[in-house]
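I opened this entry to keep track of what I looked up, going from surface charge to helix faces and then to backbone details.

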Amino acid sequence: MTPKEVIKFAKEQKATMVDMKFLDFIGIWQHFTVPVSELEEDLFEEGLGFDGSSIRGWQPIHASDMLVVPDPTTAIMDPFTETPTLSLICNIMDPITKEPYSRDPRAIAQKAEAYLKSTGIGDVAHFGPEPEFFILDDIRFSQGPDHGFYSLDSSEGIWNSGREECPNLGYKPKHKEGYFPVPPTDSQQDIRSEMVLVMEKVGIQIEAHHHEVATAGQGEIDMRFDSLLKMGDKLMWYKYIIKNVARRWKKTVTFMPKPVFGDNGTGMHTHQSIWKGGKPLFAGDRYGGLSDTAMYYIGGILKHARALNAFTNPSTNSYRRLVPGFEAPINLAYSSRNRSAAVRIPMYSPSPKTKRVEVRFPDPSCNGYLAFSAMLMAGLDGVQNKIDPGEPLDKDIYALSPEELAGVPSAAGSLDEALDALKQDHEFLLRGDVFTQDVIDIWIDYKRENEVNEVKLRPVPYEFFLYYDC
């Protein structure tokens, strides 16, 4: 839509409020709301001022003024507000220079798309993430000098098979057996269907939904692929819708990678491909039906994977999932069908249009705009420098001998390691001014100071089990 069309749309929908949504540096949607009387065409040029120093990872207090500028192409009626509310996703601008703010994740995604076109390699990058999540009935957590705990619960949790529920009807998915029985064992068919219907209402095309492997309400809803920026927007709507539908049902959702001990963690396998002139560039006669371009793209992903982890797996909790010896794809290899490889080539269809690579190590705690942009930049580096991904690994990785496994590199083992890797390996991200040095430095500093170090300082409950009587 154009600004004029947005104003007309708002009138047709009888909107009384306009919600301005934008993303903080870490990846959480922020918003403020203005009356529809403030919705004028010049708003889409001049924007509205706000305090950037109050947003995580952004401006210092002595230079806090920023502009939020709505993107008219993102106009949607918010599906949850009682008051008819027009929702607009916004870009962040510097009020002095009128330039896009370098730490605005959406601006980074826009620059990544522009850089792809400038290389001449392709004109659109398609991304298809598969974010998993847990639908829970209750969550409690607290941390203080004298205590630290979390407690979560789900009516589906196998640990509740002996609970007095007046009556307890059973049908609770066992550990690692949630993929995917029919109801009544899958008790969340209807809530996921409602989530899908709301997503379709805001223009997100859905391919399927299902229960995932873990007990305690792990699920997945699959979106159809889209271009990088649009998929970044859709991922934010995806999280917003899932959380708010769950609240309607008096439930809560988490995208934490590893909230439940002893069962599968939550990943976000991300399918990606490059097209040019309406034609797919990843189809060819190489391994798995891929082209040279696709193979080099994989080479770039694998070469820079440990640095990518800082954006694709950006929480300390991410590395409770990425643990050696289990099912998480920590081994930096590729395969046509082996799901234990970090990069997989899906083999569902022979059509050239479906040829893509699936990067399996990301998780949904990430900021989608940053994660997609970083993976694209790594893949493009592979194409530009013809990085050979080596031989495919079609064996069972977990059955390899120690000698064979020693030759397979691994993803970062902690957020600290990933940040170290990013500090050493980020030149590929700076090309085209997509990620600036300031963005890299602030990301590393913020994550270390506010997450890595804070977690390091605190004892965890299991340490009392291990060491209290030492």
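**Surface charge**

I began with the surface of this predicted model, where Glu38, Glu40, Glu41, Asp42, Glu45 and Glu46 gather in a patch of negative charge. I then looked up glutamate 46 from that patch, and found that glutamate 46 is placed in helix H2, residues 43-46, and counts as exposed because its relative accessibility is 51%, the cut-off for exposed being over 50%.

**The two faces of H1**

Next I asked which residues of helix H1 (residues 3-12) are buried, and noted Val6, Ile7, Phe9 and Ala10. These buried residues lie on the same side of H1 because they cover an arc of only 160° around the axis. I recalled that an α-helix has 3.6 residues a turn, so residues three or four places apart point the same way. On the face of H1 turned away from the buried side I found the exposed residues Lys4, Lys8 and Lys11.

**Backbone in the loops**

In the loop between strand S9 (147-153) and helix H4 (189-201) I located proline 167, and the peptide bond leading to it from cysteine 166 is cis, with omega near 0°. Phenylalanine 180 is in the loop between S9 and H4 as well, and a cis peptide bond with omega of about -20° joins it to tyrosine 179.

I also checked lysine 176, placed in the loop between S9 and H4, which is not a glycine but has a positive phi of about 65°; at 43% relative accessibility, it counts as partly exposed. Lysine 386, in the loop between helix H9 (368-384) and helix H10 (402-405), has a positive phi of about 50° although it is not a glycine, and with a relative accessible area of 58% lysine 386 is exposed.

Technical notes. Residues numbered from 1 in each chain as written. Predicted model: local features only at pLDDT ≥ 70, side-chain atom pairs only at ≥ 80, totals over all residues. Heavy atoms only, no water. Patch = residues over 30% accessible without salt bridge, like charges linked within 9 Å, V, L, I, M, F, W, Y side chains within 5 Å. Areas by Shrake-Rupley, 256 points an atom, 1.4 Å probe, with all protein chains shown as cover. Salt bridge = Lys/Arg side-chain N within 4 Å of Asp/Glu carboxyl O. Lys, Arg positive; Asp, Glu negative; His and termini not counted. Charge placed at Lys NZ, Arg CZ, Asp CG, Glu CD. Helix = DSSP H or I, 4+ residues; strand = E, 2+ residues; numbered from the N terminus. Buried < 20%, exposed > 50% of the residue type's maximum accessible area, 1.4 Å probe, protein only. Arc of directions from axis to C-beta.
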